[in-house]
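Visitor: Please pick one part of this model and walk me through it up close. I'd like the cut-offs as you go.

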Amino acid sequence: MLDLVIRGGDVVTPQGVGRWDVAVEGERIVALGLPEHGLPAGRVIDATGKIVVPGGIEPHTHLAHLISMQPEENLHTLGPEEDTRGMVFGGTTTHVDFCFVRPGTDVQQVIETRAARWKGNSYADYSFHVTLQGALPIKLFDQLPEAVQAGFPSFKVFTVDVLPPHPKRHPYRLDYGRIQLAMEKVAPHNGIMVVHAEDHDIVQFMYEKFREEKQTDGWLLPLVHNKLSEKLAFRRTIQLAAHTGAGVYFVHTSAREGVDAVAEARAGGYPIYAETLHHYACFNAEDYKSPRGFCYHTYPSLKYPEDQAALWNGLVRDGVSTTATDEFPTSLDVKLRGQDLENVTGGNLGAEGWPVTTILRGRVVVENRRMVSDGREGKLVARKISPEVLRRPTC
């Protein structure tokens, strides 16, 4: 006998939508069946009139993360014990956060430290992108294939320092030489690069220019983290990927120029993927000037109506493969504390949507919009990327 059957709902699958039973045994979906077959189970959930979808995977979160826009205050975003509760209410059953490799650390060490912070504290399953930051020793890159084999196949890099230098801010940027080296190390082992792509020189020059002109309004962010910056960095990164054979996943694509660069690369058969964020698709630079307008900000920045149109077109047709939240959970007070060009708080909330019931690995965790138990039973997920995804654009 099956453990659980979800019956009577409209079930969404890659092949289409149908009125099927979803059969669960242990932690896995084991079958889809026609309702008239009446699969027996220990429990049956009546989903008549409802939509049944797979649990959401949030690919881009920043929990228990230093809020570097306010470096003097040592503030952090909410941790997994708080934010993932909202995730399961929103049907998000897995999220991918980040661990940070900086000079003086090693890959295994930072993975273990971050995993220990999550263990027993997360309501949703989790994994981590391995972030490479700063002037890392060249020898350290020999550790990347081992991380892929251990179930951490994605490596985040910044082509830019997102904010101006500050003694209490870690440098974000990895130089292009080291980015090329990372690509060469991970490509043969079925790893992928996760790239925050902006042109470092343009971004830092624009901060300097506006500072000298004594223009400090936060709504100038689209002129600092601008469209040309995205164009240059996306295209340079794509050229490196083509040279090394690496796959690339661009995070938070915000401009038409980024979408166009990705679409062209995909048309050439390269395994290049773009993510955008819900607020980049739904808001634009003019919204910064509205009351509480910085609620909509995350880095790089909101852009313009033509960029919104390009993002939607990319999602519907080709050029944009995924949406994410760039989850960066803070209080409203912290989110709106920075109003100046150099201290607007980035990041948003968004991983909590509106389902009635959420099931995590065969266990009902939210039912009728109520938490069934307070068990923080999220598990670390070892990931593997299909070689097909890394040979050509597949989604």
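Guide: Let's take helix α4, residues 176-186, which lies across β10, β11 (154-158), β12 (192-196) and β13. Its direction runs at about 155° to β12, with axes fitted to C-alpha atoms (for helices, over the stretch in contact) and angles taken from 0 to 180 degrees between N-to-C directions. Helices (H or I, at least four residues) and strands (E, at least two) are DSSP runs, numbered from the N terminus. This is a predicted model, so local features need pLDDT of at least 70 and side-chain atom pairs count only at pLDDT 80 or more, while totals for chains, interfaces and linings use all residues. Residues are numbered from 1 along each chain as its sequence is written, and side-chain values use heavy atoms, with hydrogens and water left out.

Helix α7 (residues 227-244) packs on the sheet too, touching β12, β13 and β14 (contact means heavy atoms within 4.5 Å). The direction of α7 makes about 160° with that of β13.

Back in α4, the buried residues are Y176, I179, L181, A182, M183 and V186; buried means under 20% relative accessible area, exposed over 50%, partly exposed in between (1.4 Å probe, protein chains only). Their cover includes β10, β11, β12 and β13 from the sheet, plus helices α3 and α7. At the start of α4, D175 puts a side-chain oxygen within 3.0 Å of the backbone nitrogen of G177. The cut-off for a polar contact is a pair of N or O atoms within 3.5 Å; within protein, one must be able to donate a hydrogen and the other to accept it, and residues adjacent in sequence count only if both atoms are side-chain atoms.

As for the sheet under α4, 8 strands form an open one, in the order β8-β9-β10-β11-β12-β13-β14-β15, with parallel pairing (two strands pair if DSSP finds at least two bridges between them). β8 (56-58) and β15 (322-324) are the edge strands, each pairing on one side only. From one strand to the next, the twist averages 30°. Strand β13 (residues 247-250) is joined to β14 (residues 272-277) by 3 bridges, and Y249 stands opposite Y273 in β14.

For a second helix, try α2 (residues 107-118): V107, V110, I111, R114, A115 and W118 are buried there. They sit on the same side of α2 because they cover an arc of only 130° around the axis, using directions from the helix axis to the C-beta atoms. On the other side of α2, Q108, T113 and A116 are exposed. β10 turns up again here, among the elements covering the buried residues of α2.
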